[in-house]
Every structure is written in structure tokens, then in C-alpha cells.
Amino acid sequence: METDEGTFPLSPEQARAALADTDHIRTSVSAISATPWPLWFVTAITAMLFVTPIALGGVMAEPGDWLMPQWVWLTGLLSAEAVFYALFAVAAKRWRETTGVALRFDVLPKAATLPLCVVLPVIVVGSGFVFRETGEPLWLYAASALGAALSIGFHLWFVRLHGKTA
Amino acid sequence: MAGFDATIHAPNRLRICALLDTAGEAEFGVVQEQLGVSPSVLSKHVTVLMDAGYVEQRKAVRDTRRRVWLSLTREGREAYRAHLAALRAIVGP
């Protein structure tokens, strides 16, 4: 059992070693926090990102309906969101139990979290607005394809990151 | 030295605080694995930190087995960060 005696005053070298120790632990825990989601949930995220721009386009379509009545698009979109968040709750619980750490996004590399938090919503909502202005559904399909590709790309990146640092 | 905390500074306790500060909350087994110490040694250090009001525990059941999750209290997080600041001050610019 460690005692507290003789720990102070510290030399700069001792303090530096203690800080390096905490850095080592932080790196190690960050690797655990980068544990990728299971494949079934990656599939759910990818499907969600593929469906959302198209459904949102249907909700935002002007003038009138696009392919289906707007209320059908809205019901479909909200139902898909509800299913997704239910799946997220299950996946998050299992992820915590498997990794043994809390689910935190702030310890992940900013290069991954910033695009997810900023770029994706801009693509999804932006394509809906462009579709409403132009009536061209290709914008929605492009946003769907991009969202799905980003989801798969980030998953593969996390698999690599986790494998490299674990 | 302001912020220096002798309770936290003991190497394994500093590691526990660093781990919990990063992870937010961690299962006892994960902390033990990361530190490479026995359950009894970890338990003793956790008790010291809990007595100081720096760490709290939550019990949860998984697969019929009881698991203990550890996290820093707000006081513990502040003390740990103040301790890190004190260490950085000792190291200097």
C-alpha cells in the first residue's frame, strides 16, 4: 500500500514522470473509448443516414407532395427516428457493458466528431432545402449516398484507430 | 504548493483519477486491468479516494453478477485537475 509520506516537495523530473503516467493512462482509456459499434448498429446508422435526407425531402417538398403525401413522409421519418433512438439505447447499453467505460464522445478525435456533428446535419438539411428550391431529387440521393458512405468510412476508421491504439 | 494533493499523488491513486477523469465512469475490472494491480490493492486505493470524497461507486448487475462502476465526484475532479496544474507548475515552462 502506497503512503503519502515523502511525496513532496517533488523535483521537476518526478512531476514530469507523474504527468507522463497520467498521459499514458489517458491514451489507453481513449483507445477503449474508440471501440467501434457492433456491425448491426453500424448497419442501423447507415440505413438511417441513407433514409433521412430522402424522407426529409419528402416532408419539405414544395409545392405539393413528392411521390407520397407529406404526412406519410413525416410519419415515416418520425417512426424511423424513434426506432433508431431505441436501437441506440440498446447499443449504448451493450457497448458500456462490453467496454467497461462510459460512452463519451468528447474523448474521441475531434477530426471524427466535428464532421459528424457539423457536416452531416448540414448535408442532410441542406439537401432538403436545395431540393425544395430546385425540385431536383438528385440532391437528396447524393446526400443519402454521402451520409451512408461517411457512416461506413467512420466505422472503418474507428476499427483501424482502435486496433492501432488498443 | 497550491493544488498539490498528497492523497491523489500516490502513483496508483493518480492513475485511478486519470482513468476516471478520461473515462467518466469505469468498471472496477477495467480499472484493475489498466493499472495492473490486484483487486485488493485497487480496493484499498479506491477506499482511500472514497473516504476523501473524491470517488464514488455505483453497483449494477450484469449476467447475474454484480459489477461495481467507479467515477470521480465533482470534488474529486476538481482536486485531480488542481493537482495536475500543480505538477505542471513544478515542471515549469
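Begin in chain B of this predicted model by selecting B:V55, whose bridge partner in β3(B) is B:L72. Both positions belong to a pairing that is antiparallel and joins β2(B) to β3(B) over 8 bridges. Follow the two strands to the turn and select B:R62, which is bridged to B:R65 in β3(B). The hairpin of β2(B) and β3(B) has 2 residues between the strands, and here B:D63 adopts a positive phi near 50 degrees. As background for that value, most residues other than glycine have a negative phi.

**The sheet of chain B**

Next, display the whole sheet. The sheet is open, with 3 strands in the order β1-β3-β2 and antiparallel pairing. Which strands stand at the edges? They are β1 (25–27) and β2 (55–62) of chain B; each has a single partner strand, so one side of each is left without a neighbour in the sheet. Viewed along the sheet, neighbouring strands are turned against each other by 30 degrees on average, direction ignored.

Now select β1(B) together with β3 (residues 65–72) of chain B. These strands pair in the antiparallel sense over 3 bridges. Two positions show the register: B:A26 has B:L70 as its bridge partner in β3(B), and B:E25 stands opposite B:S71 in β3(B).

Add helix α3 of chain B, residues 28–35, to the selection. This helix packs on the sheet and touches β1 and β3 of chain B, with its direction at about 85 degrees to that of β1(B).

To place these elements in a wider context, select residues 2–75 of chain B, which an unreviewed UniProt entry lists as "domain: HTH arsR-type". The span is 54% helix and 26% strand, and its end C-alpha atoms lie 16 Å apart.

**The helices of chain A**

Move to chain A and select α1, residues 12–33. This helix of 22 residues reaches 31 Å from its first C-alpha to its last, close to the 32 Å expected at 1.5 Å a residue. Colour the helix by accessibility: the buried residues of α1(A) include A:A15, A:A18, A:L19, A:T22, A:I25, A:V29 and A:I32. When reading such a list, recall that an α-helix has 3.6 residues a turn, so residues three or four places apart point the same way. A:D21 and A:S33 are also buried in α1(A).

Four segments may then be highlighted from the record: in an unreviewed entry, the UniProt annotation "transmembrane region" covers residues 37–59, 71–92, 112–131 and 138–158 of chain A. Over residues 37–59 the chain is 91% helix and 0% strand, with the end C-alpha atoms 30 Å apart. Over residues 112–131 of chain A the figures are 100% helix and 0% strand, and the end C-alpha atoms are 28 Å apart.

Between α2 (39–60) and α3 (70–99) of chain A, select the loop that holds A:L67. Its phi is near 65 degrees, a positive value in a residue other than glycine. Is A:L67 buried or exposed? At 69% relative accessibility, A:L67 counts as exposed.

Continue to A:S127, in helix α4 (residues 110–134) of chain A. A:S127 is buried, with a relative accessible area of 7%. Which residues does A:S127 touch, leaving aside those up to four places away in sequence? They are A:P53, A:V122, A:W139, A:L140 and A:A143.

Then select A:I152 in helix α5 (residues 138–165) of chain A. A:I152 is partly exposed, with a relative accessible area of 44%. Draw a distance from A:I152 to A:V42: the two are 110 residues apart in sequence, yet 7.4 Å apart in space, C-alpha to C-alpha.

**The aromatic cluster**

Finish with the aromatic side chains. Over all chains there are 11 aromatic pairs. Show A:F84 and A:Y85, whose ring centres are 5.5 Å apart and whose planes stand at 75 degrees, so the pair is edge-to-face. A:F84 itself is buried, with a relative accessible area of 15%. Extend the selection to A:W37, A:W40, A:F41, A:F88 and A:W95: ring pairs link these residues with A:F84 and A:Y85 into a cluster.

Notes. Residues numbered from 1 in each chain as written. Chains lettered and ligands numbered in written order. Predicted model: local features only at pLDDT ≥ 70, side-chain atom pairs only at ≥ 80, totals over all residues. Heavy atoms only, no water. Helix = DSSP H or I, 4+ residues; strand = E, 2+ residues; numbered from the N terminus. Expected span 1.5 Å × (residues − 1). Buried < 20%, exposed > 50% of the residue type's maximum accessible area, 1.4 Å probe, protein only. UniProt positions renumbered as here; feature names shortened; annotations may be inferred. Contact = heavy atoms within 4.5 Å. Pairing = 2+ DSSP bridges. Axes fitted to C-alpha atoms, helices over the stretch in contact; angles between N-to-C directions. Phe/Tyr/Trp six-rings, centres within 6.5 Å; stacked < 30°, edge-to-face > 60°.
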